[in-house]
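Colleague: I should like to learn how to read a strand and its surroundings in a structure. May we begin with the directions in which the side chains point?

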Amino acid sequence: MLDFKGSTIWARQTIESDVFFNKPAEWFKIWFYIVNKVNWKDGKKFKRGESFITYKEIAEYTNTTRNQVDSFMRWAKCTTMITTRKTTRGMVISVLNYAKYQ
């Protein structure tokens with residue numbers, strides 16, 4: 001099990017957001033996992049709002065398929081919710097406007 005520390009704040013506006021209201025339910029589950037997975041404060045390797053992650057990890061912890069994760073990630077990048085940088089074993093994900101969720 002992952003060691004989550006810190007907290008996130010989810011505004012009531014979340015239920016009016018595109019990812020909650022207009023997208024598949026799995027996408028919100030993936031989004032919720034990512035926001036809670038990234039660093040809540042600056043660390044040695046990653047800044048606040050960043051983390052190392054893999055599609056496999058996301059799929060396993062959210063009980064979704066790799067295709068669902070891929071579809072969400074493509075959409076989230078296009079809507080500027082996240083950015084990613086490829087690494088040899090996964091990717092570094094950055095949640096843009098992370099302060100809204102912290």
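Modeller: Certainly; please keep in mind that this is a predicted model. In a regular strand the side chains alternate between the two faces of the sheet. Here M91, I93 and V95 point one way from β3, while V92 and S94 point the other way, and all are buried.

Colleague: What does the burial of the five residues of β3 say about the place of this strand in the structure?

Modeller: Five of the five residues of β3 are buried, so the strand is largely enclosed by the rest of the structure.

Colleague: Which strands are joined to β3, and how do they run?

Modeller: Strands of a sheet pair through backbone hydrogen bonds, either parallel or antiparallel. In this model, β1 (residues 50-53) is joined to β3 by four bridges, and the two run antiparallel. Strand β2 (residues 82-86) is joined to β3 by five bridges, again in an antiparallel manner. A hairpin of four residues links β2 to β3.

Colleague: Which residues stand opposite one another in these pairs?

Modeller: On the β1 side, I53 has M91 of β3 as its bridge partner. On the β2 side, K86 stands opposite M91, and T83 stands opposite S94.

Colleague: What is the order of the strands in the sheet?

Modeller: The sheet is open and has three strands in the order β1-β3-β2, with antiparallel pairing. Strands β1 and β2 stand at the edges and have a single partner strand each, so one side of each lacks a neighbour in the sheet. From one strand to the next, the twist averages 25°.

Colleague: Which helix packs on the sheet, and at what angle to β1?

Modeller: Helix α2 packs on the sheet and touches β1, β2 and β3; its direction makes about 115° with that of β1.

Colleague: How should I read the nonpolar core?

Modeller: In soluble globular proteins, nonpolar side chains tend to be buried together. The largest nonpolar core here has 24 residues, of which W31, I34, F72 and M73 touch the most other members. The elements that give two or more residues to this core are α2 (25-37), α3 (55-62), α4 (66-78) and β3 (91-95). Helix α2 provides the largest share, seven residues.

Colleague: Which residues does I34 contact, leaving aside its neighbours within four places in sequence?

Modeller: With those neighbours left aside, I34 is in contact with I53, I58, F72, M73, I93 and V95. Two of these, I93 and V95, point one way from β3 together with M91.

Methods. Residues numbered from 1 in each chain as written. Predicted model: local features only at pLDDT ≥ 70, side-chain atom pairs only at ≥ 80, totals over all residues. Heavy atoms only, no water. Core = buried A, V, L, I, M, F, W, Y, C linked by side-chain atoms within 4.5 Å. Buried < 20%, exposed > 50% of the residue type's maximum accessible area, 1.4 Å probe, protein only. Contact = heavy atoms within 4.5 Å. Pairing = 2+ DSSP bridges. Axes fitted to C-alpha atoms, helices over the stretch in contact; angles between N-to-C directions.
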